[in-house]
Amino acid sequence: MDSIVVTGGSTLKGRIAIAGAKNACLTLMPATLLSEEPLTLTNAPRLSDIQTMTTLLESLGAEVSGMAGGQVLALSSHGLTSTRADYEIVRKMRASNLVLGPLLAREGQAVVSLPGGCAIGARPMDIHITALEALGAEIELKDGYLHAVARGGLKGARVPLRFASVGATENVLMAATLAKGTTVIENAAREPEIVDLARCLRKMGAQIEGEGTSTITVQGVDRLHGATHPVVTDRIELGTYMLAPVFTGGEVECLGGRMELVAAFAERLDAAGIEVTETEAGLKVRRRGDRPRAVDVETAPFPGFPTDLQAQMMAMLCLAEGVSTLEERIFENRFMHAPELMRMGARIEVTGGTARVTGVERLKGAPVMATDLRASVSLILAGLAAEGETRVNRVYHLDRGYERVEEKLRGVGARIERVQAA
Ligand code: UD1
């Protein structure tokens with residue numbers, strides 16, 4: 001299994017190109033199931049999660065090509081052969097559950113294994129189920145699989161979500177495009193990935209209003225057609241690389257970055273004494289003083305501070321001047337990076353969903369273990385600042401969500417390499 005070895009201490013300077021969003025691509029790809037005509041996605045990231053979604057769609061009879069060259073994914077669901085998403089694929093990635101809504105809408109049935117993915121909490125499916133039931137689906141749990149049928153097709157309805165779940169909003173939004181009549185999703189998630197999905201669905205002929213607000217209205221249509229759509233910039237990759245010069249000094253410009261994608265995050269950086277400026281090509285980041293200042297952070301659904309940047313922010317706060325409090329409000333078990341950061345000399349106390357971080361002047365390199373996708377990259381960031389060598393083991397999590405991380409960081413002057421573990 002590969003490891004990433006980082007030798008800390010280099011000042012970073014230069015530009016990093018930010019890829020298309022993993023989480024947007026993972027919901028745009030299953031949208032192909034809604035139409036017999038081809039869907040082409042440009043600006044797709046090259047990640048193992050995208051490969052997993054490709055395998056899943058192919059197992060349903062869809063055709064996916066273009067992975068080798070990257071960036072362009074040509075998808076076609078002309079002849080579907082199956083409506084079953086198997087455990088062997090779904091266990092690798094929770095986003096596999098995003099085939100449920102489209103399959104129900106197009107085929108009137110779906111059998112989808114309960115998901116796996118990062119071990120960051122219970123992550124149940126109740127909101128998805130209640131939402132699709134509101135559209136007339138009957139859903140039963142048998143042998144670890146959700147068995148869903150829509151006898152007589154899905155029907156538009158009022159769909160209030162008990163929590164603004166990203167995945168549930170995406171599933172019900174896709175399903176509603178082909179339902180009979182009007183669907184109103186209340187307390188919908190407002191993430192940029194949902195806005196991107198709605199825009200793509202609209203190009204395919206769907207009638208949708210209100211994406212990016214808490215109420216999304218969908219007027220069902222009989223069929224959707226083909227489209228070409230560029231995947232929105234990955235705001236989590238963007239936020240991650242925005243932090244790189246904060247750890248090391250220097251200045252990094254993140255190409256393709258836009259402030260509205262990371263406003264809440266950039267506001268916290270500003271409070272910590274980090275300068276973020278908009279340029280023509282993206283966002284440029286520079287640390288103002290020698291060390292960042294402590295700040296308090298609370299994760300929340302968009303437009304709040306993203307849970308997917310919490311681990312990276314914690315790594316930064318480990319080196320900040322003063323005491324910071326981090327509250328994780330989205331997932332109940334998302335501080336697994338804390339003990340690993342502590343192996344590097346960080347001072348963190350975790351109590352339930354709250355972490356209290358007392359900044360130290362320096363971290364020391366150590367062997368550490370990647371426990372989930374965002375945790376892994378937080379350890380790499382910490383390694384950039386640490387004295388000596390940090391070896392991040394079990395990096396397969398990293399490859400799910402960051403394309404060519406070592407190349408991108410090397411490109412701005414980091415000392416980082418991938419090694420085959422003995
Ligand atoms: C998506 C993102 C993930 C991000 C998360 C929150 C993708 C592929 N993944 O995940 O990177 O961390 O949003 O921004 O886009 N919940 C329930 N019942 C449900 C569904 C969710 O209780 O039916 C809970 C979850 O356990 C979790 C919270 O709601 O505590 C947020 O989950 P959700 O917004 O659904 O996240 P995902 O769509 O899984």
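This report covers strand pairing, one helix, the cysteines and the enclosed spaces of a predicted model.

Residues are numbered from 1 along each chain as its sequence is written, and side-chain values use heavy atoms, with hydrogens and water left out. Because the model is predicted, local features need pLDDT of at least 70 and side-chain atom pairs count only at pLDDT 80 or more, while totals for chains, interfaces and linings use all residues.

**Strands**

Helices (H or I, at least four residues) and strands (E, at least two) are DSSP runs numbered from the N terminus. Two strands count as paired if DSSP finds at least two bridges between them. The table lists three pairings with their bridge counts.

| Strand pair | Sense | Bridges |
|---|---|---|
| S2 (residues 12-17) and S15 (residues 250-255) | parallel | 6 bridges |
| S15 and S17 (residues 282-287) | antiparallel | 5 bridges |
| S8 and S9 | antiparallel | 5 bridges |

Strand S15 thus appears with S2 and with S17. Arg 15 has Glu 253 of S15 as its bridge partner, and Glu 251 stands opposite Arg 286 in S17.

S8 and S9 belong to an open sheet of 4 strands with mixed pairing, in the order S6-S7-S9-S8. Strand S6 (84-85) and S8 are at the edges with a single partner strand each, so one side of each has no neighbour in the sheet. Between S8 and S9, Glu 140 stands opposite His 147 in S9.

The loop between S9 and S10 holds Gly 153. This glycine has a relative accessible area of 27% and is partly exposed; the classes are buried (under 20% relative accessible area), exposed (over 50%) and partly exposed in between, with a 1.4 Å probe and protein chains only. The C-alpha atom of Gly 153 is separated by 35 Å from that of Thr 233, 80 residues apart along the chain.

**Helix H5**

Helix H5 spans residues 126-134, and its buried residues are Ile 127, His 128, Ile 129, Ala 131 and Leu 132. These buried residues pack (contact means heavy atoms within 4.5 Å) against helices H4 (100-107) and H6 (166-177), and against strands S8 (138-142), S9 (145-149) and S10 (158-160). Gly 136 follows H5 and has a positive phi, near 105°.

**Cysteines**

Why are there 0 disulfides in the whole structure? A disulfide is taken as a pair of cysteine sulfur atoms within 2.5 Å. The cysteine sulfur closest to that of Cys 25 is in Cys 200, at 10 Å, too far for a bond. Cys 25 is buried at 0% relative accessibility, and Cys 200 is also buried, at 0%.

**Cavity and pocket**

On a 1 Å grid over the protein atoms alone, a cavity is a set of points where a 1.4 Å probe fits but cannot get out; a pocket is an open set with protein on both sides within 12 Å along at least five of seven lines, and lining residues have an atom within 4 Å of a point. Grid points are joined across faces, edges and corners, and a volume is the space filled by probe spheres set on the points.

The count is 1 cavity of 30 Å³ or more, and the largest holds about 30 Å³. Its lining consists of Thr 307, Gln 310, Ala 311, Arg 334, His 337, Asp 372, Arg 374 and Ala 375. At least two lining residues come from each of helix H10 (310-317) and helix H12 (373-385).

The second largest pocket has a volume of about 240 Å³. It is lined by 13 residues, and those closest to its centre are Phe 247, Arg 287, Arg 291, Leu 319 and Glu 361.
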